[in-house]
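Welcome! Take a look at the sequence and the structure below, and then we can walk through them together.

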Amino acid sequence: MTRTVYVNGEYLPETEAKISIFDRGFLMADAVYEVTSVLDGKLIDFEGHAVRLERSLNELDMRSPCSKDELLAIHRELVAVNEIDEGLVYLQVTRGSDGDRDFAFPDPDTTAPSLVLFTQNKPGLANSPASQKGAKIISIDDIRWGRRDIKTVQLLYPSMGKMMAKAAGADDAWMVQDGYVTEGTSNNAYFVKGNTIVTRPLSNDILHGITRKAVLRMAEEAQMTIEERLFTVDEAKDADEAFTTSASAFVMPVIAIDDVTLGDGTPGPIAKRLREIYLDESRKAAI
Ligand code: PMP
């Protein structure tokens with residue numbers, strides 16, 4: 001089935017969708033994005049993603065291409081026409097194209113932002129074999145820019161990190177700055193010692209994960225102890241278990257870090273329980 005995608009007001013077959021070669025998203029990575037997961041044909045935490053999108057746009061002085069209600073309608077239409085039961089909706093807003101290349105931002109009164117959305121069909125996402133097996137992680141230097149709280153499409157280094165992980169026979173990488181773990185290439189990072197979950201506090205150094213917020217709330221409701229503080233890779237290697245969170249993989253158990261096996265090398269009980277609670281509550285609250 002050819003996907004139907006959305007580009008600047010139009011629903012089109014993916015083969016007919018076009019963006020200018022002068023679009024600043026293409027030339028300058030002058031763009032922000034969101035990924036919202038779909039379970040049972042419904043959107044998970046749409047509100048959280050819409051609020052973060054607005055924040056990213058504000059931080060970059062970029063105008064909103066449309067209202068939150070319009071965005072919701074586009075998400076729902078794409079999920080419906082593409083018959084997505086489990087999968088993702090990708091959304092990107094760029095500063096648009098003024099028909100040439102210039103470092104200075106174009107006048108927003110004459111250059112409108114570009115808005116692109118497409119779906120990714122992922123049957124079995126909630127029960128993925130990867131989540132049952134758990135992920136092997138390597139640690140790498142974090143050499144990204146200093147505003148990782150803004151969800152920009154500057155994803156070259158995270159892509160390289162995934163390739164470094166692959167080359168090392170692992171699944172993903174955690175990034176380390178000044179001796180402390182910042183986050184995964186496309187997820188937030190946690191370790192568990194006893195009944196305590198440790199994760200880095202929010203700042204400009206990491207993305208403010210929508211899944212992070214939900215999972216920490218659910219962990220608290222389940223009487224787990226949460227410590228938001230800086231932590232080292234060595235602390236995580238010495239943990240009982242570890243995991244990551246993201247909208248596209250929910251709660252993903254981590255079973256090894258830099259060749260050090262955690263626990264018995266299978267997903268830990270707290271990660272498994274949080275994944276179950278997250279999936280269960282998210283399905284109930286999905287719209
Ligand atoms: N950190 C980074 C660097 C990410 O790319 C992502 C996923 N986009 C996350 C954290 C997790 O955020 P969320 O839970 O909102 O998907």
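## A term to start with

A salt bridge here is a side-chain nitrogen of Lys or Arg within 4 Å of a carboxyl oxygen of Asp or Glu. Arginine 55 and aspartate 149 offer an example: their side chains meet in a salt bridge, with 3.0 Å from N to O. Please keep in mind that you are looking at a predicted model.

## Two domains

The domain assignment splits the protein chain into domain 1, covering 4–121, and domain 2, covering 129–285. Taken over C-alpha atoms, the centres of the two domains are 26 Å apart.

## Where the domains touch

How much area do domain 1 and domain 2 bury between them? The figure is about 1,900 Å², and 61% of it lies on carbon and sulfur atoms. On the domain 1 side, Tyr33, Leu39 and Arg52 supply 31% of the area buried against domain 2, more than any other three residues. In terms of contacts, 22 residues of domain 1 meet 19 residues of domain 2.

Polar and charged partners also take part. Three salt bridges are found across the interface of domain 1 and domain 2, and eight residue pairs at pLDDT 80 or more are in polar contact between these domains. The elements giving two or more residues to the side of domain 1 that touches domain 2 are β3 (31–39), α2 (46–59) and β5 (87–94). Of these, β3 provides the largest share, with seven residues. Sorted by class, this side of domain 1 has 10 nonpolar, five polar and seven charged residues.

## Around the ligand

Which residues come nearest to the ligand? Of the 17 residues around it, they are Arg52, Lys151, Glu183, Thr211 and Ala247.

Several of these have polar side-chain atoms beside the ligand. For arginine 52, an N or O atom of the side chain is 2.8 Å from a ligand oxygen atom. For threonine 211, an N or O atom of the side chain is 2.6 Å from an oxygen atom of the ligand. Lysine 151 has a polar side-chain atom 2.3 Å from a nitrogen atom of the ligand. You have met Arg52 already, as one of the three residues named for the area that domain 1 buries against domain 2.

## Salt bridges in the whole structure

How many salt bridges does the structure hold? The count is 22. Among them is the pair of glutamate 14 and arginine 3, whose side chains meet at 2.8 Å, N to O. This pair links distant parts of the chain, 11 residues apart. Glutamate 14 sits in the loop between β2 (10–13) and α1 (24–28), while arginine 3 belongs to the segment before β1 (4–7).

Definitions and conventions: Residues numbered from 1 in each chain as written. Predicted model: local features only at pLDDT ≥ 70, side-chain atom pairs only at ≥ 80, totals over all residues. Heavy atoms only, no water. Domains from an automatic or database assignment. Contact = heavy atoms within 4.5 Å. Buried area = accessible area lost by both parts, 1.4 Å probe. Polar contact = N/O pair within 3.5 Å; in protein donor to acceptor, adjacent residues only side chain to side chain. Helix = DSSP H or I, 4+ residues; strand = E, 2+ residues; numbered from the N terminus. Nonpolar A, V, L, I, M, F, W, Y, C, P; charged D, E, K, R; others polar. Near = heavy atom within 4 Å.
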